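User: I have a chain on my screen and some terms to pin down. Please take me through what backs each one.

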Amino acid sequence: MAVAGRGGRGGSGSGIAGIRSIMSYPIFVSVIFSLLFLAALKLLFTSPSYPSSSDPDMPTTGNAYIHRSFLALKSDPLKTRLDLIHKQAHDHIMLVNAYAAYARKLKLDNSRQLKLYDDLAQNFTEMLSKPAYRGALFETEGTVDEDVLRQFEKEVKDKVKVARLMIAEAKESYDNQLKIQKLKDTIFAVHEQFVKAKKNGALASYVAAKSVPKSLHCLAMRLVGERIANPEKYKDEEPKPEFEDPTLYHYAIFSENVIAVSVVVNSVVKNAKEPWKHVFHVVTDRKIVAAMKVWFKMRPARGGAHVEVKAVEDFKFLNPSYVPVLRQLESEKSQTHDSENQAENATKDLGNLKFTNPKYLSMLSHLRFYLPEMYPDLHRIMLLDDDVVVQKDLTDLWNIDLDGKVNGAVETCFGSFHRYSHYLNFSHPLIRENFNPKACAWAYGMNIFDLDAWRREKCTEQYHYWQNLNEESTLWQLGTLPAGLATFYSKTKSLDKSWHILGLGYNPSVSMDEITNAAVVHFSGSMKPWLDIAMNQYKELWTKYVDNDMEFVQMCNFGL
């Protein structure tokens with residue numbers, strides 16, 4: 001019993017302790033919450049020192065900003081509005097300063113834009129520092145003056161609007177993507193202008209090629225007028241025996257340009273050691289043949305040299321049934337519209353515009369492939385273009401051993417330039433099978449032809465073969481050089497470059513030493529010496545052989 005009684009007292013004591021521990025926990029929690037509540041009340045009802053909104057160090061974000069906004073709601077609703085306006089102004093000051101700093105980094109210190117940035121940032125700062133605003137809005141302990149706040153808000157909005165407009169205008173200067181896009185637009189616009197200028201230039205070249213300079217037209221008309229006025233004086237004479245004498249030095253010149261032909265003849269004769277042994281075969285268009293004959297009747301070649309003048313039509317074998325290019329030219333003419341449409345279409349296809357030049361469409365350019373038939377009694381003949389000037393005696397060329405080749409010419413290739421691949425279409429199987437694309441090209445302008453070797457190799461037949469195949473211009477574009485390269489492939493003897501210097505009609509950098517040492521200088525290119533666009537540094541090489549004493553040259557004002 002005694003044991004039981006002690007046990008019961010012990011159990012009762014432990015139960016009381018458990019109840020006390022259970023009761024003490026909620027009390028403890030209640031006390032903690034009560035303390036937190038009191039602390040919260042203290043924070044709510046205690047007025048902390050409120051820093052001026054004009055202070056640049058005033059916190060405007062995070063917990064401090066939330067705390068101040070909450071107090072503003074409690075004390076004065078206008079303070080929240082003031083804080084938001086002040087923050088907006090402060091943010092735009094930072095933004096303007098950032099753009100100004102970037103402008104300085106881009107070295108735009110003297111630019112108008114940088115000055116505007118600095119002025120705007122200064123205006124923002126001065127506005128926030130106005131005594132009227134500081135006293136009524138930022139430093140007051142009472143309520144915010146709503147009228148002053150409204151005026152402050154209006155002023156801030158006006159300046160923010162100006163800042164945004166400035167930044168929107170300047171954004172293009174700082175945004176790389178916008179810069180890239182603007183650069184692309186500029187490149188596109190410049191390219192369009194370049195294409196337009198190229199088309200205009202091509203059209204101008206086309207017109208220049210189709211046109212006859214006024215002075216040349218005047219000279220031809222004066223010469224024809226002279227023939228009409230004195231028909232008895234200019235009767236056709238019987239051919240001289242020298243025209244067929246194979247022991248003399250013969251030259252072929254095919255041109256419609258009277259003054260140019262006269263310069264070629266004069267330059268050869270003046271530099272010849274034995275001018276009486278030189279014979280010139282001039283072939284021209286039937287419209288010009290009368291003028292050409294009158295010129296050489298009035299101004300015979302000096303030194304006893306001989307000049308024969310004929311028209312293309314005088315060679316009766318040159319007809320469409322025999323000459324492929326005549327047949328092709330007739331077909332071309334039947335498909336050609338009036339000249340205005342031709343010029344307009346030509347500007348759309350710049351690649352083919354140059355081939356509308358009359359020199360590509362005239363039979364005169366293709367006479368060079370019929371020399372053996374035109375002059376059957378001759379063994380050798382030299383072909384001279386009308387835009388060359390001869391500076392030395394050329395008789396040594398007749399003594400050069402051509403090694404059985406047909407054509408003696410100066411090669412024009414250097415590096416990868418002026419190879420056969422530049423002139424012929426090597427995507428065509430016939431061209432690819434018969435020619436080496438790396439073969440060196442040569443130049444027309446001054447060529448010595450062995451007519452006996454020509455006849456032996458049947459070069460005219462070769463020319464007909466290739467010209468017939470090229471009726472659709474699939475082997476090469478129009479022109480005589482590609483046809484010559486195909487015809488005289490592996491039949492051309494390379495001459496020393498001093499015999500023939502090219503480029504005086506397009507290249508201003510031809511060495512004067514090379515020109516001085518050259519036997520023949522060639523005004524190849526569009527800047528012909530008889531035109532106003534000729535290069536002045538070369539023009540005197542040509543003008544010194546012009547017969548300025550001829551009365552019609554003076555009357556037609558060549559401006560030489």
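Analyst: What follows covers the chain, one pocket and one sheet, in a predicted model.

User: What makes a residue count as buried, and how many are there?

Analyst: The cut-off is under 20% relative accessible area. Of the 560 residues in the protein chain, 42% are buried. The chain exposes about 31400 Å², and carbon and sulfur atoms supply 55% of that area.

User: Which residues line the second largest pocket nearest its centre?

Analyst: E237, F243, V307, E308 and V309 lie nearest the centre, out of 21 lining residues. Two elements give two or more residues to this lining: α10 (289-298) and β3 (306-311). The largest share, 5 residues, comes from β3. The pocket volume is about 610 Å³.

User: How do the lining residues of that pocket divide into nonpolar, polar and charged?

Analyst: The lining holds 11 charged, 9 nonpolar and 1 polar residue. Glu counts as charged and Val as nonpolar, so E237 and E308 go in the charged class, with V307 and V309 in the nonpolar one.

User: How do you know that β5 and β10 pair?

Analyst: Pairing needs at least two bridges. β5 and β10 (residues 520-522) have 3, in the antiparallel sense, so they meet the definition. V390 has V520 in β10 as its bridge partner.

User: Why do β5 and β9 stand at the edges of their sheet?

Analyst: The open sheet runs β5-β10-β9, with mixed pairing. β5 (388-390) and β9 (500-501) each have a single partner strand, so one side of each lacks a neighbour in the sheet.

Terms used. Residues are numbered from 1 along each chain as its sequence is written. This is a predicted model: local features need pLDDT of at least 70, side-chain atom pairs count only at pLDDT 80 or more; totals for chains, interfaces and linings use all residues. Side-chain values use heavy atoms; hydrogens and water are left out. Buried means under 20% relative accessible area, exposed over 50%, partly exposed in between (1.4 Å probe, protein chains only). Accessible areas come from the Shrake-Rupley method with a 1.4 Å probe; for residues, only the protein chains shown count as cover. On a 1 Å grid over the protein atoms alone, a cavity is a set of points where a 1.4 Å probe fits but cannot get out, and a pocket is an open set with protein on both sides within 12 Å along at least five of seven lines; lining residues have an atom within 4 Å of a point. Grid points are joined across faces, edges and corners, and a volume is the space filled by probe spheres set on the points. Helices (H or I, at least four residues) and strands (E, at least two) are DSSP runs, numbered from the N terminus.
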